[in-house]
Amino acid sequence: MTRPSRSSSSPNTNPDLIESPTSSRSVTQTVNGSHQFVIQGYSLAKGIGVGKHIASDNFSVGGYQWTIFVYPDGKNQEDSSSYVSVFIVLASEGTEVRALFELSLVDQSGKGKHKVHSHFDRSLDGGPYTLKYRGSMWGYKRFFRRSLLETSDYLKDDCLKINCTVGVVVSEIHCPRLHSIHVPDSELGSDFGKLLDTLEGSDVKFDIAGEKFQAHKLVLAARSSDLEPKVFKALLHFMYKDSLSGDVEPVTAHSFGLLKLSEIDETLIVKLLAAATKYNLSRLRSLCESHICKAVSISSVSKILALSDRYNATELKSVSLNFAAENLAAVLQTKAYEDVKDDYPNLQSELLKAVAGYDETSSSGGGKSQSVWGQLSDGGETSSRRLRQRTT
């Protein structure tokens, strides 16, 4: 019996049906910040009592509040009464906060012989130190012997200076499937873009702030005489080539984290997003949103949420809200959130909805975000409370 011959190809091997491979990347790094605590009138602090401390002002690093405790008469009678004790304290709500620390006494003679205790730049057998709740601390009961300190170059004019550096460990998953925005494939052939390069058959000329641009009436839907030259040039590039211009600056979480919101507004990518919104260029809007999406991080997400709200960038807002929900405790502690929350009142309610959705789908349940949910519901007041100084 003759068997029917098999086709040389099958649905499983059809290249049109093979899904593209996916990837993700975990990035772990530290967010570092420093604070100097100056104790003026150190001699007056002596005799305060064992276990009693002087506290610095709170300072923010990595989305958390920190403070420095100095015990002039030592922290514990039994093992440190002859020593000055110094500790770094977690002054805001947080669970499993992992961090590196450095404490140093400043040599005020100018010789640079500082007394340094540091986690940085050395191998740690147990990894970064973990603080599990507000009030957790790291430091040294026997930081420096009092009798030696009072005759050293660390004490000058009855003044003591302590430098503190905190490096909060943060991990982010870079996953295109979860934290990216799909951009539709271009519908224009690459040859069409050559019209802009050669300007063959151009039949219209624009004068933008003294700079001349040639174009084609059939390509341009409307004249945009109110745009800056660099924005108009990038807009022309898109209209002809259906892609972002090479003049558009690359964005990173670091760059957007450092820029103020007003400075972000001045970037070419944001001005191009504004033009795409004004002229209803949906693909250009998607390209801009996808480009800005690369800058989403704990320090920048509040600013990007404000940006997406202003330009009705729905996909960018959705990605940012999901990210903020996953990292809510740290986001609420950032200066960026404090700066934008009053100007964008809808931001708080949208974050509440995003957290609710995240809690329902999270495998860990809502326990982890329970305390930060309360902070957000109360308008963030919990995160701004000052850690009370203990006197006993």
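Partly exposed, in these notes, sits between buried, under 20% relative accessible area, and exposed, over 50%. I need that first, because aspartate 247 comes out at 45% relative accessibility and so counts as partly exposed. I should also jot down that I'm working from a predicted model.

**Aspartate 247 and helix 5**

I looked up the partner of aspartate 247 and found a salt bridge with lysine 233, with 3.6 Å between the closest N and O atoms. This pair links distant parts of the chain: lysine 233 belongs to helix 5, aspartate 247 to the loop between helix 5 and helix 6 (253–258), and 14 residues separate them. Lysine 233 is partly exposed too, with a relative accessible area of 44%. I then checked for shared partners and got one network of salt bridges joining Glu228, Glu266 and Lys271.

While there, I ran a ruler along helix 5 (residues 229–241). Its 13 residues reach 18 Å from first C-alpha to last, close to the 18 Å expected. I listed its buried residues, among them Val231, Phe232, His237 and Tyr240. Just past the end of helix 5, aspartate 242 has a positive phi of about 60°.

**Other salt bridges**

My tally for the structure is 12 salt bridges. One of them joins lysine 46 and glutamate 150, closest N and O atoms 3.6 Å apart. Lysine 46 is in the loop between helix 1 (42–45) and strand 2 (54–55), and glutamate 150 is in the loop between helix 3 (146–149) and strand 10, so the bridge ties together parts 104 residues apart in sequence. Lysine 46 is partly exposed at 39%, and glutamate 150 is partly exposed at 32%.

I also found aspartate 153 and lysine 111 meeting in a salt bridge at 3.9 Å, N to O. Here the parts linked are the loop between helix 3 and strand 10, which holds aspartate 153, and the loop between strand 6 (97–105) and strand 7, which holds lysine 111; they are 42 residues apart. Aspartate 153 is partly exposed at 37%, whereas lysine 111 is exposed at 57%.

**Glutamate 289**

This one made me stop: glutamate 289 is buried yet has no salt bridge. The nearest side chain of opposite charge is arginine 285, 4.2 Å away; that misses the cut-off, because a salt bridge needs the nitrogen within 4 Å of the carboxyl oxygen. So where does the side chain of glutamate 289 reach? I traced it to the backbone nitrogen of glutamate 315, at 3.3 Å. Glutamate 289 is in helix 9 (residues 282–293), and beyond its sequence neighbours its contacts include Ile181, Leu273 and Leu316.

Leu316 is one of the buried residues of helix 11. I measured up that helix (residues 314–326) as well: its end C-alpha atoms are 18 Å apart, which agrees with the span its 13 residues should have at 1.5 Å a residue.**Loop residues**

I went looking for positive phi outside glycine and noted aspartate 157, near 55°. Aspartate 157 sits in the loop between strand 10 (155–156) and strand 11 (159–174), exposed at 65%. Asparagine 280 also has a phi near 55°; its place is the loop between helix 8 (268–278) and helix 9, and at 66% it counts as exposed.

Phenylalanine 120 is in a loop as well, between strand 7 (115–118) and strand 8 (129–131), but at 18% it counts as buried. Its C-alpha is 8.6 Å from that of glycine 167, 47 residues away in sequence.

Note on methods. Residues are numbered from 1 along each chain as its sequence is written. This is a predicted model: local features need pLDDT of at least 70, side-chain atom pairs count only at pLDDT 80 or more; totals for chains, interfaces and linings use all residues. Side-chain values use heavy atoms; hydrogens and water are left out. Helices (H or I, at least four residues) and strands (E, at least two) are DSSP runs, numbered from the N terminus. Buried means under 20% relative accessible area, exposed over 50%, partly exposed in between (1.4 Å probe, protein chains only). Lys and Arg count as positive and Asp and Glu as negative; His and the chain ends are not counted. A polar contact is a pair of N or O atoms within 3.5 Å; within protein, one must be able to donate a hydrogen and the other to accept it, and residues adjacent in sequence count only if both atoms are side-chain atoms. Contact means heavy atoms within 4.5 Å. The expected span of a helix is 1.5 Å times one less than its number of residues. Lists of a residue's contacts leave out its neighbours within four places in sequence.
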